[in-house]
Amino acid sequence: MPRLYPIEKTRNIGIIAHIDAGKTTTTERILYYTGMSHKIGEVHEGTTVTDWMPQERERGITITAAAVTCFWTQSYKKQAETVEERIKGEYKINIIDTPGHVDFTAEVERSLRVLDGAIVVFDGVQGVEAQSETVWHQADKYKVPRLCFINKLDRMGASFEDSLKSIHNRLTKNAVPVTIPIGIQENFKGVIDLIRMKAVYFEGEKGEILKIEDIPNDLKDYANEYRNYMLEKLAESDEEFMDKYFANNFNEEDIRKAIRRACINYTFIPVYAGSALKNKGIQLILDGVVDFLPSPVDLPPVKGWDPKTNAEIYRQPNDNEPFCALAFKIAVDPFVGTLTYIRVYSGIIKRGDTVLNTRTNETFRAGRIVRMHANHREEIEELFAGDIGAIVGVKDLKTGDTICDPKNPIVLESIQFAEPVIWMKIEPKTKQDQEKMGIYLKALSDEDPTFKIKVDQETGETLIGGMGELHLEIMVDRLRREFKVETNVGTPQVAYRETITKSVEAEGKYIRQSGGRGQYGHVVIRVEPLERDKGFEFVNAIKGGVIPDNFIPAVEKGIREAMEKGVIAGYPVRDIRVILFDGSFHEVDSSDLAFKIAAEIAFKEAVKKANPIFLEPIMKLEVIVPSEFLGDVTGDLASRRAKIEEVEDMGEMKKILAKVPLSEMFGYVTVLRSLTQGRGFSYMEFSHYQEVPQYLFESIINNRQKVKK
Ligand code: GDP
């Protein structure tokens, strides 16, 4: 079957927000309005399946689906009366689920990777919250164009201006309103559309009827002020529009086109006002998704590597290119079994096609392909470039796997996850549960790549690692509730790192020549400090074959192993460049093993000489406390080596923003409770690694030795 919807009319979007900002409510409203407009004549691209259990049908599919497809025609356009008209006008929107929980930022990153644009939802009372900030920066990293939605404007304490200000102060100055509220809090009535310069009211039971009116006289100045601000910002960010603006010669369509270009370039971020719960403003955001967010063809081609040669390859978002897709979520559906959600970057996958998983280098048959809608599942024949759907019943696929045409193998850029900042000993309460615990810990770690398991080489104990105390607590709790494994855990240990502060050279020799075949490895290396978070770089600068090429991988391996073991206190070494520039070999006695050992010796020697230091995880902390406790709480934070960056006024409450070492924050929740008579709360997440002050150097070494005992 040919495409019903051209790729230019496809939008892959995510709705991202701080927990409780209104993501679920907004999504529900979107599915409701898009479902209504899609009603005329049920034409599908496949067969609709409606075998839901009653309760499943009731709550809709959105709860379990990682991606839901819906359709929308701009509300300001003439709405279709026939099926043909409808399909011609409609855009296909795939909404990719992004988790709202604090500690699942890995999942957020994973979903950001496959979407082309996003709606960021803010609570109109709280403004920018810690997690929205994190997600915002993640979206920057993946260059995701976005719209902002200031929600909950009907709530007591809501302020559009203050929320906008907090977006400007904490996220970006490029955020510019395209709709503004009419009234606020209990008087919130509708919005002014600054592009059309009309007042829009939302009537009917669920706000489904749009009433477009002239802007009331008393709001004209207010609307003009924002309209001018919008036009000026747009002229600043789009040259084509600037000329039209100064010539005072432009229409609505010119504005929309300019916003689209600027939005895709991140120079203009449209901001919408509304209330999902009170059914106000959502349709205009949907118009924005279609008008301003990119389609797959507006973005650069996807980059990948040839698995054999490692050469860079690019694939255009085009049906005629070889097929490639990224598996971004594995989910178990109670009705159909395992669903692997994929984003197709190029080419077409048809039902029954045999495709390659480049990680395992094995092919499999895509027996069935489905697409999820708000309240039904559709069996489809094929997925085209730029589209999202799920393959049914395939085993051995993992999140992040590339699947592709077996004749044109490619590995897409894999998803990078942060290393754990905290480790904790874990053991089952009963010996019989040992094996079960191992199996389920692995399952949890497959699902969440920032959750890691390792076995302590010396003690044989199992350790779990993650992104914070809460993250590990949640995992332990899931073990208990979902898998019925009771465990005992140790005190959490900070994942320090070792690094160096100056460049030095060192030599490593491993030479044994007593009887039989000897050993001969000899390397000279230079180590140099790297910028934070650059990890490790290995440079082979051997000239004239003083060490033959075939031994170089052994040298690198020796260094990598030594890095993991650590040198000063047994913490992994990071942010270091190692340059191998000299050495020697023996025709008969040299071996991989000898070079590996020589490299380890040289590396340890080098790190010891290069003024080593420790790095520690620094957390971003947000504490909200009643004003009267501010002094006590900041005083306590100061004693924890916290750097207070800002104290925001939130009426009765104060919000403290700080950076603080993780090692000082164990059990903070309890302390805060007692400092504030139970009225303060805090939120914390990993920010970055930073040098530990010199006066703590010895104590870290001593503590480590104690833990080892
Ligand atoms: P999520 O955690 O981001 O998915 O947020 P939800 O959509 O579940 O909303 C969190 C809470 O805020 C729920 O109690 C909603 O009813 C409420 N809520 C969502 N949108 C609005 C709104 O526009 N106005 C008001 N007053 N409450 C809202």
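**Salt bridges, a ligand shell and a small sheet**

User: Which residue's side chain meets that of R679 in a salt bridge?
Analyst: The bridge made by R679 spans 3.9 Å from N to O, which fits the definition of a salt bridge (a side-chain nitrogen of Lys or Arg within 4 Å of a carboxyl oxygen of Asp or Glu). This is a predicted model, in which local features need pLDDT of at least 70 and side-chain atom pairs count only at pLDDT 80 or more, while totals for chains, interfaces and linings use all residues. Residues are numbered from 1 along each chain as its sequence is written, and side-chain values use heavy atoms, with hydrogens and water left out. The partner of R679 is E628.

User: How many residues apart in sequence are the parts that R679 and E628 tie together?
Analyst: Helices (H or I, at least four residues) and strands (E, at least two) are DSSP runs, numbered from the N terminus. R679 lies in the loop between helix 16 (668–675) and strand 39 (681–691), whereas E628 lies in the loop between strand 36 (613–626) and helix 15 (630–638), so the parts they tie together are separated in sequence by 51 residues.

User: Is E628 buried, partly exposed or exposed?
Analyst: Buried means under 20% relative accessible area, exposed over 50%, and partly exposed in between (1.4 Å probe, protein chains only). R679, at 42%, counts as partly exposed. E628 has a relative accessibility of 58% and therefore counts as exposed.

User: What is the distance between the closest N and O atoms of D123 and K152, and why does this pair tie together separate parts of the chain?
Analyst: D123 lies in strand 5 (residues 117–123) and K152 in the loop between strand 6 (146–151) and helix 6 (160–170), so the pair joins parts that are 29 residues apart in sequence. D123 is buried, with a relative accessible area of 4%, and K152 also counts as buried, at 18%. The distance between their closest N and O atoms is 3.5 Å.

User: How many salt bridges does a search of the whole structure find?
Analyst: One of the pairs is E203 with K211, whose side chains meet at 3.2 Å from N to O, and elsewhere E419, R497, D533, E564 and R574 are linked in a network of salt bridges. The search of the whole structure gives a total of 56.

User: What share of the ligand's exposed area does the protein bury?
Analyst: A backbone N or O atom of G22 lies 2.9 Å from an oxygen atom of the ligand, and a polar side-chain atom of T25 lies 2.5 Å from a ligand oxygen. In addition, a nitrogen atom of the ligand is 2.7 Å from an N or O atom in the side chain of D154. Taken alone, the ligand exposes 570 Å², an area that comes from the Shrake-Rupley method with a 1.4 Å probe, where for residues only the protein chains shown count as cover. The share that the protein buries is 73%.

User: Which element gives the most residues to the shell around the ligand?
Analyst: There are 15 residues around the ligand, and D20, K23, T24, T25 and D154 come nearest, where near means that a heavy atom of the residue lies within 4 Å. The element that gives the most, with three residues, is helix 1.

User: Which strands are the edge strands of the open sheet with the order 14-13-25?
Analyst: This sheet has three strands with antiparallel pairing, and two strands pair if DSSP finds at least two bridges between them. Each edge strand pairs on one side only, and these are strand 14 (312–315) and strand 25 (411–412).

How values were computed: Polar contact = N/O pair within 3.5 Å; in protein donor to acceptor, adjacent residues only side chain to side chain.
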